[in-house]
Amino acid sequence: MKLNAATVTDGYKVAHGSMYADGTTKVYSNLTPRSDKIYARNAIEFYDGNLVFVGAQGAVQEIKELWDDSFFSKPKEKVIGEYATRMAGYLGGEVAATQQLSDLHDIGYLPLVFKALPEGSLVPMGVPVITITNTLPSAFWLVNYLETVISNLTWKTAANATIAREYKKICQHFATLTGTDDFTVSIQCHDFSERGMSGPEDAARSGFAHLTSFIGTDTLPAMDYAEDYYDATGLIAISVPATEHAVATNNILSIEQGLNHDHNTRLDAERIFMNNLITQKYPKGIVSYVADSFDFWSVLTDILPSLKEVIINREASNVAPGKLVIRPDSGDPVKVVCGDEEAEVGSAEYKGAIEVLWETFNGTITDKGYKLLDSHIGLIYGDSITTKRALEILTRLEKKGFASGNVVFGVGSYTYQCNTRDTFGMALKATYSIVNGKPVNIFKDPKTDSKKKSAKGLLKVEKDIDGKFILIDQVSEQLETEGELKTIFENGVLLNRVTLDTIRARLS
């Protein structure tokens, strides 16, 4: 999709430049998470009320690239002419923004200053994370003209980084309790969400948010985003070769057609396929096998025991240990992993996948006294996982005497896509302007919704004695330049860049 920077905004923004008070020369706005009341409805005890703020640098760089590529680098007559024609039809006549954009094209860059809190910061509700203002008087209109794109490029990245941190805290808690190592925690939640996102760019930003807390992902565009927008180097992300149902059923059913006996033909066909997969196609390192195409419990109780010697003798490949990871992908994840107390006592369903795998492969006892499966076998569950289910699974495993490191979670689009900017009440609003040379503190205070009451004037964010961010509004121009909000963009230049490694360190 080829976007035009001048029209990447809400339609009503087009007329706003002419609606400001005559003599307006400055507008000052801020992006703030106003409320977590929606998120808190489903949050668990590991959520501490803070937004994990990330995404400003990437968003501002994307905005700069869009304006440079689709506006400033194009002939003025072409871009302004097309805009004028579009708006004449859209709003029924000429609009002041046409001349304002023409003047902006002559400037040749975005005459703006963006400030932001350090990315990776934990931010309470009501504290601004970004401020934006114009550096040239003629560009006052541009500040809130960009509200829409600033909002839709930032809210999800921050929201999903916050969710990822909640998952991380769950995993860290049970790792400490049951004796699971730090590396396992770093891969224990694996991003499966790309196919459920609203396009590859959306997946890249959301996937980057996941990478602030974990290194396991199948969202490949997130790696590109981390490199291009956050100067990531070294270990950005990892994954493993893994089957899907199309691959598994293609093999199983074609093998079944060639078998000439009736008893358990399909099970035998799946045994042949799995054996071929782990001995011929991927004889070394890690490989993941989706095991619920047909009879998951028979895979665990029949096929795996028959291939035990092959599995426990798998060799490592480079840095990857020799390991077969079993992936159930249907049913109730809590019951599949931990057992169904309503099933027949003593059955595989009653015991759950981890206990059944332990009976076949055994393992070791951690320094905290919990069972950890043999290093050559593991399990990942990648469907219908939520923070509540992850917590329930690890809680039940702990009660059964199993370490948290026995299971990895595939975290999908239900977690990372079923949110909106209202999840944390993210809003960009103006609080200050200059009109005819005089400062005007602007704000709103709706009687119908007190939660939408805004700050006033110029803003400063500082830390209290406990290190918690707090907002001070109506400050002087001098005080506004101080505090925790630092310039990340000024007059077309990106400044004070932050890396993925730095963000991860802040969140560790």
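Here is a short tour of this predicted model, one selection at a time.

Before you click, note that residues are numbered from 1 along each chain as its sequence is written. Since this is a prediction, local features need pLDDT of at least 70 and side-chain atom pairs count only at pLDDT 80 or more, while totals for chains, interfaces and linings use all residues; side-chain values use heavy atoms, with hydrogens and water left out.

**Stop 1: the sheet.** Select strands 14, 13, 1, 5, 3, 17 and 18, and you have an open sheet of seven strands in that order, with antiparallel pairing. Its edges are strand 14 and strand 18 (493–494), each of which pairs on one side only. Strands here are DSSP runs of E, at least two residues long, and helices are runs of H or I of at least four, numbered from the N terminus. Two strands pair if DSSP finds at least two bridges between them.

**Stop 2: strand 5.** Now pick residues 130–134. Is this strand buried or exposed? Five of its five residues are buried, so the rest of the structure largely encloses it. Buried means under 20% relative accessible area, exposed over 50%, and partly exposed in between (1.4 Å probe, protein chains only). Look at Ile130, Ile132 and Asn134 on one side, then Thr131 and Thr133 on the other: both faces are covered.

**Stop 3: its neighbours.** Add strand 1 (residues 24–33), which runs antiparallel to strand 5 and is joined to it by four bridges. Asparagine 30 sits opposite threonine 131 there. Next add strand 3 (residues 112–116), which pairs with strand 5 in the antiparallel sense over five bridges. Phenylalanine 114 faces isoleucine 132, and leucine 112 has asparagine 134 as its bridge partner.

**Stop 4: two positive phi angles.** Most residues other than glycine have a negative phi. Go to serine 384, in the loop between strand 11 (377–381) and helix 17 (387–399): its phi is near 65 degrees. This serine 384 is partly exposed, at 32% relative accessibility. Then jump to asparagine 436, in the loop between strand 13 (426–435) and strand 14. Its phi is also positive, about 50 degrees, and asparagine 436 is exposed, with a relative accessible area of 59%.

**Stop 5: threonine 233.** Find threonine 233 in the loop between helix 9 (220–230) and helix 10 (245–258). Threonine 233 is exposed at 53% relative accessible area. Draw a distance to threonine 395, 162 residues apart along the chain: the C-alpha atoms are separated by 36 Å.
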